[in-house]
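User: I am new to this structure and would be grateful for a close look at a single part of it. Please set that part within the whole in one connected account.

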Amino acid sequence: GNKSNANVVDGNDIEVIEETEELPFLTCEEETELVNFYATNLFSLIGPNATSPHLRRDIKVASTAALLLRRFYLSNSVMIYDPKVFMVACAFLATKVEDATVNVKYLEEGTKLLQAHVTVPEIIKAEIHLAAGIDYDLLCLHPYKPVEAYTEDLRTFLKSKEGKLCVNREWVGSADLRPLYEEAKRIVEELVVTDIPLIATAGSIGLAALILSNERLIQKHKEQSGTKTDSEEEDAIKIDFKGYMELRFGATSNETDINQIWNSIEQLCQSVKNLTDDNGSDIAKLKGIHKKLKKCRNAGETKKKKKKRKRNDADS
């Protein structure tokens, strides 16, 4: 009887602790800030611009790693799973998914170069949790190929009679579309670290990137020319992408479908603009979040010890 009463008192004591102590839980915004930070840092760990030469792989590998990281934290919390460790696990798994494997020891060395050391056992253990956490959904589609495919299609279409109605030039060659393609690729590289790939298809993102690329190039030309006269704007290639969709795909799709798709593309473009306007993380703010995260983990460990100690006292 005394034992059961002691357990009841123990339970009440725990409730009082939980009610009176303010636990340093992270807010949704703070968790998102951390995921954004580590998704961006992935490109310094793996990919064409990796700090370690052993980890330099195609941009698709880094993009897949970033998508896996975001996919994992859709249903898991940084307060339970350390984002620093899981960032590396995502890089490791991405190299396998994209058939560009690396020795896990090089990943450990890469984390040392980034001054964020993660050990081999930590990486392997996290990879198992990662695969289960995303329900083994390893398929990752990226907008790089759609950008290339649309650019190639525009190259031939804009030379046709219908195509000439969608552009402000009589003749459009490969050299004219090269800046459009390169800028669209840069936009895609900015987007793959965000949550945009979770809410839109790769094809939609690719087309949106080309539309935004065209807008950026027109704006850049205006700034360089120093004036905004119509005659000088003509020098910058200007493509009517809605007209392109209607004329190019109108024969196989009805007008309603095309309008719905165009509206979704416009909304996507606006979402991308909103993201790029609010780009970058405040280092001081991130340090504060990391400090709070550490307190949260320490609080969890302390509570486990307190519960264990109270149970031992009650048993005795």
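The account below takes up one part of the chain and places it in its surroundings.

User: What is in contact with Ile-239, leaving aside its neighbours within four places in sequence, and which residues of helix H12 are buried?

Analyst: The model is a predicted one, and a brief view of the whole comes before the part in question. The protein has 14 helices and zero strands, so that, by the definition of these elements, each entry in its order from the N terminus is α. Of its 316 residues, 41% count as buried. Its accessible surface comes to about 17,900 Å², and 50% of that area belongs to carbon and sulfur atoms. Among contacts between residues at least 6 apart in sequence, 74% join residues at least 24 apart.

The part you ask about belongs to the interior. In soluble globular proteins, nonpolar side chains tend to be buried together. Here the largest nonpolar core has 86 residues, and those that touch the most other members are Leu-42, Leu-107, Leu-158, Ile-239 and Phe-241. Helix H4, residues 83–97, gives this core its largest share, ten residues.

Leaving aside neighbours within four places in sequence, Ile-239 is in contact with Leu-154, Leu-158, Cys-166, Val-167, Leu-177, Leu-180 and Asn-214. One of these partners, Leu-158, is itself listed with Ile-239 among the core residues that touch the most other members. Asp-240 caps the N-terminal end of H12, where one of its side-chain oxygens lies 3.4 Å from the backbone nitrogen of Lys-242. Helix H12 covers residues 241–249, and its buried residues are Phe-241, Gly-243, Tyr-244 and Met-245. Phe-241 is thus a buried residue of H12 and also one of the core members with the most contacts to other members.

Another helix, H10, spans residues 202–225 and holds Ser-204. Ser-204 counts as partly exposed because its relative accessibility is 21%, and buried means under 20%. The side chain of Ser-204 makes a polar contact of 2.8 Å with the side chain of Thr-201. Leaving aside neighbours within four places in sequence, Ser-204 is in contact with Ile-265 and Leu-268. The C-alpha atoms of Ser-204 and Trp-262 are 9.6 Å apart, although the two residues are 58 apart in sequence.

A buried position is also found in a loop. Ser-77 is placed between helix H3 (59–72) and H4. Ser-77 is buried because its relative accessible area is 16%, under the 20% limit. The side chain of Ser-77 is joined to that of Glu-31 by a polar contact of 3.2 Å.

The surface completes the picture. Leu-198 is found in helix H9, residues 196–199, and is partly exposed, with a relative accessible area of 31%. Together with Leu-74 and Ile-199, Leu-198 makes a nonpolar surface patch of about 310 Å². Leu-198 can belong to such a patch because its 31% is over the 30% that patch residues require.

Two loop residues also face outward. Gln-115 lies between helix H5 (104–113) and helix H6 (120–133), and counts as exposed at 76% relative accessibility. Asp-135 lies between H6 and helix H7 (144–157), and counts as exposed at 62% relative accessibility. Phi is near 55 degrees in Gln-115, a positive value in a residue other than glycine. Phi of Asp-135 is likewise near 55 degrees, and this residue too is other than glycine.

Notes:
Residues numbered from 1 in each chain as written. Predicted model: local features only at pLDDT ≥ 70, side-chain atom pairs only at ≥ 80, totals over all residues. Heavy atoms only, no water. Patch = residues over 30% accessible without salt bridge, like charges linked within 9 Å, V, L, I, M, F, W, Y side chains within 5 Å. Areas by Shrake-Rupley, 256 points an atom, 1.4 Å probe, with all protein chains shown as cover. Salt bridge = Lys/Arg side-chain N within 4 Å of Asp/Glu carboxyl O. Helix = DSSP H or I, 4+ residues; strand = E, 2+ residues; numbered from the N terminus. Buried < 20%, exposed > 50% of the residue type's maximum accessible area, 1.4 Å probe, protein only. Polar contact = N/O pair within 3.5 Å; in protein donor to acceptor, adjacent residues only side chain to side chain. Core = buried A, V, L, I, M, F, W, Y, C linked by side-chain atoms within 4.5 Å. Contact = heavy atoms within 4.5 Å.
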